Amino acid sequence: MTAFRNFENRDPVPSLPQAAVRPKWSVMIPVYNSARFLASTLQSVLAQAPDPAHMQIEVVDDCSSDDPQKVVNEIGGRRVGFFRQPQNLGHIGNFHTCLSRAQGELVHLLHGDDAVRPEFYELLGRGFDADPRVGAAFCRTVFMDAHGQQLSIEPAMQSISGRLENAVVRLALEQRIMTPSIAVRRAVYEELGGFDRRLKCSEDWEMWIRIASRFPVWYEPQALALYRMHPQSNTGRHIRNAADMAYTRMAIDIFKSYLPSELADDVAASARRTYSQSALETGRRLLGSGDWAGCLAQMSEAFQLDPSLKTIGRMLRLVAKQGGEIVRPN
């Protein structure tokens with residue numbers, strides 16, 4: 001059994017009847033305790049949404065303690081569907097419910113704290129229309145803080161819209177696709193299965209590499225997706241104990257088998273070096289805020305990602321720059 005058809009760690013996505021009349025788009029919005037951001041998420045979709053026959057919009061709540069249904073009722077009315085899990089499943093389980101409930105040909109998973117800019121669906125839809133073999137289409141991402149202020153924009157991978165050449169290798173070197181920036185054919189999820197249950201972070205990166213290893217990927221250079229960074233996000237919750245980097249390391253180990261065999265070792269090693277440096281940069285920021293335990297956790301992951309003399313040297317310089325504060329907890 002190939003890695004692509006091994007469903008031991010991922011759930012199958014059920015097929016839909018061939019003869020069923022289906023919308024082109026399913027915008028599936030998983031939420032968990034993010035009701036305060038949900039209004040802007042819904043407004044960004046509704047501002048460019050065609051009629052229900054062409055776009056399904058549904059919020060899937062993973063048993064939040066806030067009240068996302070109230071926001072859906074106020075902003076979406078009867079245009080936006082709402083489904084509440086009977087019990088909390090975690091974000092991978094909630095993602096799977098989103099995929100299973102999606103009725104459209106193209107599925108857009110949009111976190112309930114993220115948003116899209118005008119023309120997102122029009123321009124990504126053109127990629128699928130232009131090439132029926134394309135399995136996924138994505139655009140650049142704008143990173144914003146909890147207040148919606150822009151922090152940075154993802155650098156462009158190419159200057160024009162079109163197929164991303166050598167996509168599987170380029171995307172494996174570094175995580176370049178934030179979940180709100182990509183849409184995927186439902187048939188692709190049906191063939192490859194859902195998100196890997198072993199990963200609590202970087203499950204999206206593993207999925208995009210799995211897709212890129214099997215299908216052409218379309219790239220739109222305009223920045224049309226808005227990704228919110230805040231301490232309560234899934235990634236934000238895993239930074240202090242460096243679980244974000246542990247799962248990144250696991251994702252690299254998993255998707256290495258999807259890469260061309262002659263390049264797999266070099267690409268995986270390059271990705272591990274990139275995220276070793278990223279862990280040290282996160283450690284530096286944590287130490288700067290007085291979080292020495294978080295810094296140590298990130299340094300440990302940095303070494304596990306890239307156990308080299310260069311990494312050791314960077315770790316020593318980080319400690320020395322802080323004047324030894326790391327070994328003197330409050």
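A residue is described as buried below 20% relative accessible area, as exposed above 50%, and as partly exposed in between. In the predicted model, Asn166 is therefore partly exposed, with a relative accessible area of 47%. Asn166 is located in the loop that runs between strand E8 (162–163) and helix H5 (167–173). The backbone of Asn166 has a phi near 55 degrees, a positive value in a residue other than glycine.

A positive phi is also found at Glu119, a residue other than glycine, where the angle is near 80 degrees. Glu119 belongs to the loop between strand E5 (115–116) and helix H4 (120–130). With a relative accessibility of 37%, Glu119 counts as partly exposed.

Aromatic rings were examined next. The structure holds nine aromatic pairs. In one of them, the ring centres of Phe120 and Tyr121 are 4.9 Å apart and the ring planes lie at 80 degrees, so the pair is edge-to-face. Phe120 has a relative accessibility of 0% and therefore counts as buried. Tyr121 likewise counts as buried, at 5% relative accessibility. A further pair is formed by Trp205 and Phe255, whose ring centres are 4.9 Å apart and whose planes lie at 70 degrees, so that this pair is edge-to-face as well. The pair of Trp205 and Phe255 links distant parts of the chain, with Trp205 in helix H7 (residues 203–212), Phe255 in helix H9 (residues 243–255), and the two positions 50 residues apart. Trp205 is buried at 2% relative accessibility, and Phe255 is buried at 0%. Elsewhere, ring pairs link Phe95, Tyr189, Phe195 and Trp208 into a cluster.

The helices that carry Trp205 and Phe255 also pack against each other. The axes of H7 and H9 come within 9 Å and cross at roughly 15 degrees. Since angles under 35 degrees count as roughly parallel, H7 and H9 are therefore roughly parallel to each other. The crossing of the two helices is right-handed. On the H7 side, the contact involves Trp205, Glu206 and Ile209, which meet Thr248, Ile252, Ile254 and Phe255 of H9. Classified by residue type, the contact of H7 with H9 comprises five nonpolar residues, one polar residue and one charged residue. H7 is mostly covered, as 10 of its 10 residues are buried. The buried residues of H7 include the charged residues Glu203, Asp204, Glu206 and Arg210. Trp208, a member of the aromatic cluster, is also among the buried residues of H7.

A second helix pair is formed by H1 (residues 35–46) and H2 (residues 68–76), whose axes come within 9 Å and cross at roughly 30 degrees. This angle makes H1 roughly parallel to H2. H1 passes H2 in a right-handed crossing. The contact brings Ala35, Leu38, Ala39, Leu42, Gln43 and Leu46 of H1 against Pro68, Val71, Val72, Ile75 and Gly76 of H2. The residues of this contact divide into nine nonpolar, two polar and no charged. An α-helix has 3.6 residues a turn, so residues three or four places apart point the same way.

Two further positions are brought close in space to residues distant in sequence. Gln85 is found in the loop between strand E3 (81–84) and helix H3 (90–101). At 5% relative accessibility, Gln85 counts as buried. The C-alpha atoms of Gln85 and Asp61 are 6.0 Å apart, although the two residues are separated by 24 residues in sequence. When residues up to four places away in sequence are not counted, Gln85 touches Val60, Asp61, Asp62, Cys63, Gly93, Asn94 and Thr97. Ala187 lies in helix H6 (residues 186–192) and is partly exposed, with a relative accessible area of 48%. A distance of 7.6 Å separates the C-alpha atoms of Ala187 and Ser15, which are 172 residues apart along the chain.

Note on methods. Residues are numbered from 1 along each chain as its sequence is written. This is a predicted model: local features need pLDDT of at least 70, side-chain atom pairs count only at pLDDT 80 or more; totals for chains, interfaces and linings use all residues. Side-chain values use heavy atoms; hydrogens and water are left out. Axes are lines fitted to C-alpha atoms, for helices over the stretch in contact, and angles run from 0 to 180 degrees between N-to-C directions. Helices (H or I, at least four residues) and strands (E, at least two) are DSSP runs, numbered from the N terminus. Angles under 35 degrees count as roughly parallel, over 145 as roughly antiparallel, 65 to 115 as roughly perpendicular and the rest as oblique. A crossing is left-handed if the near helix is turned anticlockwise from the far one by less than a right angle, and right-handed if clockwise. Contact means heavy atoms within 4.5 Å. Rings of Phe, Tyr and Trp (its six-membered ring) pair if their centres lie within 6.5 Å; planes under 30 degrees apart count as stacked, over 60 as edge-to-face and the rest as tilted. Buried means under 20% relative accessible area, exposed over 50%, partly exposed in between (1.4 Å probe, protein chains only).
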